[in-house]
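This report describes selected local features of the structure shown below. Backbone irregularities are treated before the strands and helices.

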Amino acid sequence: MEKFPVISLEKVNGEERKTILEQIKDACENWGFFELVNHGIPHELLDTVERMTKEHYRKCMEQKFKELVASKGLDAVQAEVNDMDWESTFHLRHLPASNISELPDLDDEYRKVMKEFAQKLEKLAEEVLDLLCENLGLEKGYLKKAFYGSKGPNFGTKVSNYPPCPKPDLIKGLRAHTDAGGIILLFQDDKVSGLQLLKDGQWIDVPPVRHSIVINLGDQLEVITNGKYKSVLHRVIAQTDGTRMSIASFYNPGSDAVIYPAPNLVEKEAEEKNQVYPKFVFEDYMKLYTTVKFQAKEPRFEAMKEVEAAVKLGSIATA
C-alpha cells in the first residue's frame with residue numbers, strides 16, 4: 001500500500017525546495033491530503049494548545065456530551081445512526097473579525113493561546129497556498145487574492161473532541177464529506193486515531209504524527225484548479241477507548257469572493273467539451289453546502305453551473 005505523504009518543510013527555502021514542491025504536487029494530485037512536519041509552529045505552543053483544549057473539554061464539555069448521549073439514547077442504539085455525529089464541538093472565528101473574546105467558558109489564558117495559534121496557522125496557510133501557486137504555474141499570491149473578497153478571507157477553527165463510543169460500528173465520529181472551503185489545517189491527537197480518507201475506493205488512516213499539521217484541500221481549490229486538484233471524502237471513526245482531539249482551521253474565501261477556474265489552468269480541450277467548473281459567489285456555495293454537506297459534491301458543482309447559466313441568461317435579457 002502507498003504510504004500517506006508526510007512532508008518536512010524544514011528546507012523549503014533551501015536546496016531541497018524542488019524535492020519538497022514535487023512531494024506537495026504529488027500529494028495534491030493523488031491524495032488531496034498531506035501531513036506537514038517542521039512547519040515553523042513551535043512545539044511548545046502546540047503542546048500548550050493540546051493541554052488546554054483537553055482541559056477545557058473535561059471541565060466544560062464532557063458532562064454536557066454525556067447528558068446529550070443519554071437524552072437521545074445514543075449509547076444503546078441498535079441500528080446505524082445517519083443523522084448525527086459522535087462529537088463535541090465549538091467554533092472560533094478569526095477573520096474577518098474574531099469572536100474569541102465573546103465565547104463563554106473559555107479562560108483568558110486559553111483565549112490568548114488560541115489567538116496566537118490562529119495567527120501562526122494563518123501564516124502557514126498562506127505559505128502553503130503560495131507553494132501550490134508555484135506548482136500550478138500561477139503567480140505568487142494568486143490563491144490568496146482569489147480568496148480575498150472585499151474584507152479578506154474567512155478563517156475559523158472547529159475544536160472537536162471525539163469521546164469513547166460504545167457502538168462505533170453504528171455511529172460515526174463524523175460522517176463522510178468533503179470540505180466546502182479553501183485549505184484546511186488540522187492539529188490532531190497524536191495518540192488516538194480515527195481520521196480516514198477515501199483513496200481508490202479504500203478508506204485509509206491519516207496517521208497521527210506528533211506536532212504535525214495535516215493539510216487537506218477543499219472544494220474551492222478543486223474549482224480554481226478546474227479539477228487538477230480535488231477535494232477528497234474523509235470521515236472520523238469513533239473509537240471505543242480514548243478521547244480524540246481535533247482542531248481543524250479553515251482558511252476559506254471571503255463571503256463575497258467570486259470563485260472560478262484560474263484561466264491559466266483551463267485547457268482548450270476542457271473548454272470545448274464544456275468541462276469547466278462553474279463561477280459563483282462563495283456565500284452562495286456555502287448556503288447550498290450546509291443543506292447537503294454529507295452528500296456527493298458533484299451535484300453541488302452542477303447546481304452552481306445552473307445558477308451561473310441563469311445569471312448569464314438574465315444579463316443577456318437585460319442587455
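## Asparagines with positive phi

In this predicted model, N38 is placed in the loop between β2 and α2 (43-72). Its phi is near 50°, a positive value in a residue other than glycine. Most residues other than glycine have a negative phi, and most peptide bonds are trans. N38 has a relative accessible area of 39% and is therefore classed as partly exposed.

A second asparagine, N226, also has a positive phi, of about 50°, although it is not a glycine. N226 belongs to the loop between α5 (219-224) and β10 (234-236). With a relative accessible area of 12%, N226 is buried, because the cut-off for that class is under 20%.

## A cis peptide bond

L95 and P96 are joined by a cis peptide bond, with omega about 5°. P96 itself is located in the loop between β3 (88-95) and α3.

## Strand β2 and its partners

Strand β2 comprises residues 33-37 and is mostly covered, five of its five residues being buried. In a regular strand the side chains alternate between the two faces of the sheet. In β2, F33, E35 and V37 point one way, while F34 and L36 point the other way. The buried set thus includes E35 on one side and L36 on the other.

Which strands pair with β2? Strand β1 (residues 6-8) runs parallel to β2 and is joined to it by three bridges; in this pairing, I7 stands opposite L36. Between β1 and β2 the chain passes through helix α1 (residues 17-30), and the resulting β-α-β crossover is right-handed. Strand β9 (residues 213-217) pairs with β2 in the antiparallel sense over four bridges, and here F33 of β2 stands opposite N216 of β9.

## Helices α1 and α3

Helix α1 has 14 residues, which at 1.5 Å a residue should span 20 Å; its end C-alpha atoms are 20 Å apart, in agreement with that value. The buried residues of α1 include I20, L21, I24, A27 and C28. These residues cover an arc of only 125° around the axis, which means that they are on the same side of α1. An α-helix has 3.6 residues a turn, so residues three or four places apart point the same way. Among the elements that cover the buried residues of α1 are β1, β2, α3 (108-136) and β9. Both pairing partners of β2 described above, β1 and β9, are thus among the elements covering this helix.

Helix α3 has 29 residues and reaches 42 Å from its first C-alpha to its last, close to the 42 Å expected at 1.5 Å a residue. A glycine with a positive phi of about 75° comes just after each of these helices: G32 after α1 and G137 after α3.

## Surroundings of S246

S246 is found in strand β11 (residues 244-252). Is S246 buried or exposed? Its relative accessible area is 6%, so S246 is buried.

Which residues are in contact with S246, leaving aside its neighbours within four places in sequence? They are K158, V159, S160, Y162, L186, F187 and Q188.

Key:
Residues are numbered from 1 along each chain as its sequence is written. This is a predicted model: local features need pLDDT of at least 70, side-chain atom pairs count only at pLDDT 80 or more; totals for chains, interfaces and linings use all residues. Side-chain values use heavy atoms; hydrogens and water are left out. Buried means under 20% relative accessible area, exposed over 50%, partly exposed in between (1.4 Å probe, protein chains only). Helices (H or I, at least four residues) and strands (E, at least two) are DSSP runs, numbered from the N terminus. Two strands pair if DSSP finds at least two bridges between them. A crossover is right-handed if, with the strands pointing away from the viewer, the path from the first strand over the helix to the second runs clockwise. Contact means heavy atoms within 4.5 Å. The expected span of a helix is 1.5 Å times one less than its number of residues. The arc is that of the directions from the helix axis to the C-beta atoms.
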